[in-house]
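Here are my notes on the model, as numbered points. They take the fold of one chain and then the charged surface of the other.

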Amino acid sequence: MKTIEVFSARPLSARDREKIEIAFSQKVGQQVRAEYAVDPSLIGGIRVICEDEIFDGTVSAELEKILQDLK
Amino acid sequence: MSPFVITTALSAENNPLSLDLWNILFHMINLVILIVALYFLLFKPTKKFMAKRKEEIVKITRENEELQESTKKIKEEYDDLIEKAKAEAAKANEEALKAAKSRAEAVEEEARQKAKEIVEHANQSVEAEKERLANDVKTQVSVISVEIAKKVLSREITPEDDSALIDQCLKEWKGEHEND
């Protein structure tokens with residue numbers, strides 16, 4: 001069983017957690033165990049670290065990308 | 001007339017001046033001797049002296065004329081040299097003036113060029129500074145805008161919005177996975 005780290009801006013509902021675990025289980029091809037952490041600075045969305053790969057779908061990451069583009 | 005007649009005629013009774021023929025003759029001979037003596041002792045030397053003097057005067061006069069001629073020639077040569085020197089000095093002066101003018105023009109042109117370069121450089125600096133300031137302002141505005149957006153979104157995003165975002169992310173990641 002692989003372990004993934006999930007970061008969110010607010011505590012996730014059970015439904016959201018289930019969706020995440022199913023999605024990543026399909027991705028890695030085996031059952032995954034998720035470790036959840038809350039980081040309000042993310043503002044919204046989630047950041048997942050799976051097998052040293054980072055999947056960043058947070059609002060703060062998007063805003064940072066916009067800021068870099070504006071610069 | 002016979003001398004005896006003349007003597008007799010000139011006897012004491014008829015000769016109050018005591019004139020005697022032999023006396024006269026004697027005096028005449030004396031006179032001739034004197035004249036001859038004077039000629040040889042005085043006249044001829046004097047004449048010779050005068051001739052020699054005249055010759056010297058002529059020689060001196062000739063030498064004087066030659067000297068004057070030579071002096072005149074030297075003076076003419078000197079005047080020529082002076083004229084040539086003046087002409088050369090004037091020419092050198094003119095050339096120096098021309099060279100100085102040319103150098104002044106070159107210096108002026110160089111100064112003008114330098115001033116132009118300085119102005120261009122200053123303009124470029126100003127433009128670069130303007131661009132930098134504009135970029136700084138743009139960056140600051142961007143940062144402030146993003147900060148404001150963060151604050152607003154932090155307040156406005158609801159749990160339903162968050163769930164929708166999560167669904168969207170999972171869909172995107174799933175799509176990437178299927179494309180791999």
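1. Chain A contains two helices and four strands. Their order along the sequence is β-α-β-β-β-α. The model is a predicted one, and the points below should be read as describing that prediction.

2. Chain A has 71 residues, and 38% of them count as buried. Its accessible surface is about 4000 Å², with carbon and sulfur atoms contributing 48% of that area.

3. On contacts within chain A: among those with a sequence separation of 6 or more, 62% are between residues 24 or more positions apart.

4. Chain B carries a surface patch of positive charge made up of Lys44(B), Lys47(B), Lys48(B) and Lys52(B). Lys44(B) belongs to helix 2 of chain B, which covers residues 21-156. The relative accessible area of Lys44(B) is 45%, so this residue is classed as partly exposed. Patch members must have over 30% relative accessible area, and the 45% of Lys44(B) is therefore enough on that criterion.

5. A patch of negative charge is also present on the surface, formed by Glu63(B), Glu65(B), Glu66(B), Glu69(B), Glu76(B), Glu77(B), Asp80(B) and Glu83(B). One of these, Glu76(B), is located in helix 2 of chain B. Is Glu76(B) buried, exposed or partly exposed, and what is the relative accessibility? Glu76(B) is partly exposed, because its relative accessibility is 45%, and partly exposed is the class between under 20% and over 50%.

6. In short, helix 2 of chain B holds Lys44(B) from the positive patch and Glu76(B) from the negative patch.

Notes. Residues numbered from 1 in each chain as written. Chains lettered and ligands numbered in written order. Predicted model: local features only at pLDDT ≥ 70, side-chain atom pairs only at ≥ 80, totals over all residues. Heavy atoms only, no water. Patch = residues over 30% accessible without salt bridge, like charges linked within 9 Å, V, L, I, M, F, W, Y side chains within 5 Å. Areas by Shrake-Rupley, 256 points an atom, 1.4 Å probe, with all protein chains shown as cover. Salt bridge = Lys/Arg side-chain N within 4 Å of Asp/Glu carboxyl O. Lys, Arg positive; Asp, Glu negative; His and termini not counted. Charge placed at Lys NZ, Arg CZ, Asp CG, Glu CD. Buried < 20%, exposed > 50% of the residue type's maximum accessible area, 1.4 Å probe, protein only. Contact = heavy atoms within 4.5 Å.
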